[in-house]
Amino acid sequence: MQPQPAHRLDGIELSLIRQINALATPLCVNLGIGEPNVEPDETLREFAVRAASTGSWHYTANAGTLALRKLIAAGSAGVPPAAEQNLAKNGGLDARAPRQFPTPEFDPKSEVCIAAGTEEALFSIFQAYVDPGDEVLVPNPGFVSYATLARIAGATPVPYNLDPSDWRLDVDALLKRITPKTKLIIVNSPSNPLGSVIDRATLQRIADAGPLVVSDEVYREIWYAAPPPSMLGMADNVIVVGGMSKSHAMTGLRLGWVLASEAVMKPIVTAHQYVATCASAFSQSLAESILSDDAWNQSWLDRIRAQFRAQRETALFSVERELEVTIPPPAGAFYAFVPVPACDTVVFAKTLATDAAVLVIPGIAFGSMGEGFVRISYAASLDAIGTGIERIGRWLRAGGR
Ligand SMILES: Cc1ncc(COP(=O)(O)O)c(C=O)c1O
């Protein structure tokens, strides 16, 4: 007899993203991917060799090595003040905006926790704070995990809508959705799947609303005109999560973190202990080398931003020429959320994969507001982006749906 899975998994399947990616064949142009098309350079590989040969292979403290926690608390994982000041001078940032770094007084001993990726950080936060019957406010469209993690914890995900076409967050509408049952508000900027960024004033209003806020800043380093504002230090009820999957193309090495005030952090570390014990000691040593070499790290980040900028231009140009739509240029991350003429974008994406050998993710995978759109990832070579979008255009003109 088939064992009965726990009811907490009722209705929960592998995400649509995984299902669509499973349709990939060697001939497919894959614009469905959620990870950077970047390989480690020589220095990054040297750091990894050093971490493997001289780093510890033992358990670390549950919250991670103190050395790495100190680097993260000190803001090494964020925008350096010099870059922010230059951008402000050049009009790229609001010069009146409060400085983000150094990170506002996070104590590495009690207010930083290293996790096995941002996903594990999120899981631990939900396990630490969300009870059956609670409500969790999640963006719609938004990253698939948020609603699923709420359901696994027995809570109800309550979507707050982001409206096309600029996907602006209507903060008044969000605040109206808060009830006595609201346990967490999830914010994601830059956004997967939208590439949109939330302005500082809006973030502050959410921080001031009352409930715990989780700010998912895993795409924080992937920006175009200006660094996105962070929620770090906005209020004691704000939990910031981030990681190195996107900034350093380390998706397989599972390295993320949580920053929160001591009282808020305590139960998160407890939950994290029973999920992961600690993040990989190797990945922590590697992250420590990366964040200790500020000059190299900044040049790496500049280089990957330049690469994504070129890929974004190609994607926007191809979308306009081949699909005849103009979308607001994504301000961060590496996704374009593009309207398509289809009544069911799951069928659209599946047929496109089999008929035209291009993978994109149906917008509905990110919530009801995503219907009518597909997510095109431009974390792909310029050639793949151009060819893939051209194939979609040709297929649509030939009557494909
Ligand atoms: C918005 C968002 N948050 C979190 C994650 C998980 O990242 P990690 O690899 O750090 O677990 C992803 C991965 O795609 C993401 O898009």
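Me: How many aromatic pairs does the structure hold?

Reply: The structure, which is a predicted model, holds twelve aromatic pairs. One of them joins phenylalanine 334 and tyrosine 335, with 4.9 Å centre to centre and 55° between the planes.

Me: What makes the pair of phenylalanine 334 and tyrosine 335 a tilted one?

Reply: Planes under 30 degrees apart count as stacked and those over 60 as edge-to-face, the rest being tilted. The planes of phenylalanine 334 and tyrosine 335 stand at 55°, which lies between these two limits, and therefore the pair is called tilted.

Me: Why is the pair of phenylalanine 348 and tryptophan 395 called edge-to-face?

Reply: The rings of phenylalanine 348 and tryptophan 395 are 5.3 Å apart, centre to centre, with 75° between the planes. Since edge-to-face begins over 60 degrees, the value of 75° places this pair in that class.

Me: Which parts does the pair of phenylalanine 348 and tryptophan 395 tie together?

Reply: Phenylalanine 348 lies in helix H12 (residues 345-356), whereas tryptophan 395 lies in helix H13 (residues 382-397), so the pair ties together parts that are 47 residues apart in sequence.

Me: How do you know whether phenylalanine 348 and tryptophan 395 are buried or exposed?

Reply: Buried means under 20% relative accessible area. Phenylalanine 348 has 1% and tryptophan 395 has 10%, so both are buried. By the same test phenylalanine 334, at 0% relative accessibility, counts as buried, and so does tyrosine 335, at 0%.

Me: Why does aspartate 163 count as partly exposed?

Reply: The relative accessibility of aspartate 163 is 38%, and the partly exposed class runs between 20% and 50%, so aspartate 163 belongs to that class. Aspartate 163 is found in strand E4 (residues 156-163) and, leaving aside residues up to four places away in sequence, touches Arg168 and Met369. Its C-alpha atom is separated by 8.8 Å from that of asparagine 140, a residue 23 places away along the chain.

Me: What makes strand E10 and strand E12 edge strands?

Reply: The open sheet of three strands has the order E10-E13-E12, with antiparallel pairing. Strand E10 (335-339) and strand E12 (361-362) each have a single partner strand, so one side of each is left without a neighbour in the sheet, and they stand at the edges.

Me: How do you know that E10 and E13 are paired?

Reply: Two strands pair if at least two bridges are found between them. E10 and strand E13 (residues 373-377) have five bridges in the antiparallel sense, so the condition is met. Tyrosine 335 stands opposite serine 377 in E13.

Me: How do helix H5 and helix H6 pack, and which residues meet there?

Reply: Helix H5 (residues 118-129) and helix H6 (residues 145-152) pack at an angle of about 35°, with their axes 9 Å apart, and H5 passes H6 in a right-handed crossing. Glu119, Leu122, Phe123, Phe126 and Gln127 in H5 meet Ser145, Tyr146, Leu149, Ala150 and Ile152 in H6. By class, this contact has seven nonpolar, two polar and one charged residues.

Me: Why is H6 called mostly covered?

Reply: Six of the eight residues of H6 are buried, and the helix is therefore described as mostly covered. The buried residues are Ser145, Tyr146, Ala147, Leu149, Ala150 and Ile152, and they pack against H5, strand E3 (135-140), E4, strand E6 (182-188) and strand E7 (212-216). H6 is followed by glycine 154, whose phi is positive, near 85°.

How values were computed
Residues numbered from 1 in each chain as written. Predicted model: local features only at pLDDT ≥ 70, side-chain atom pairs only at ≥ 80, totals over all residues. Heavy atoms only, no water. Helix = DSSP H or I, 4+ residues; strand = E, 2+ residues; numbered from the N terminus. Buried < 20%, exposed > 50% of the residue type's maximum accessible area, 1.4 Å probe, protein only. Contact = heavy atoms within 4.5 Å. Axes fitted to C-alpha atoms, helices over the stretch in contact; angles between N-to-C directions. Left-handed = near helix turned anticlockwise from the far one by under 90°. Nonpolar A, V, L, I, M, F, W, Y, C, P; charged D, E, K, R; others polar. Phe/Tyr/Trp six-rings, centres within 6.5 Å; stacked < 30°, edge-to-face > 60°.
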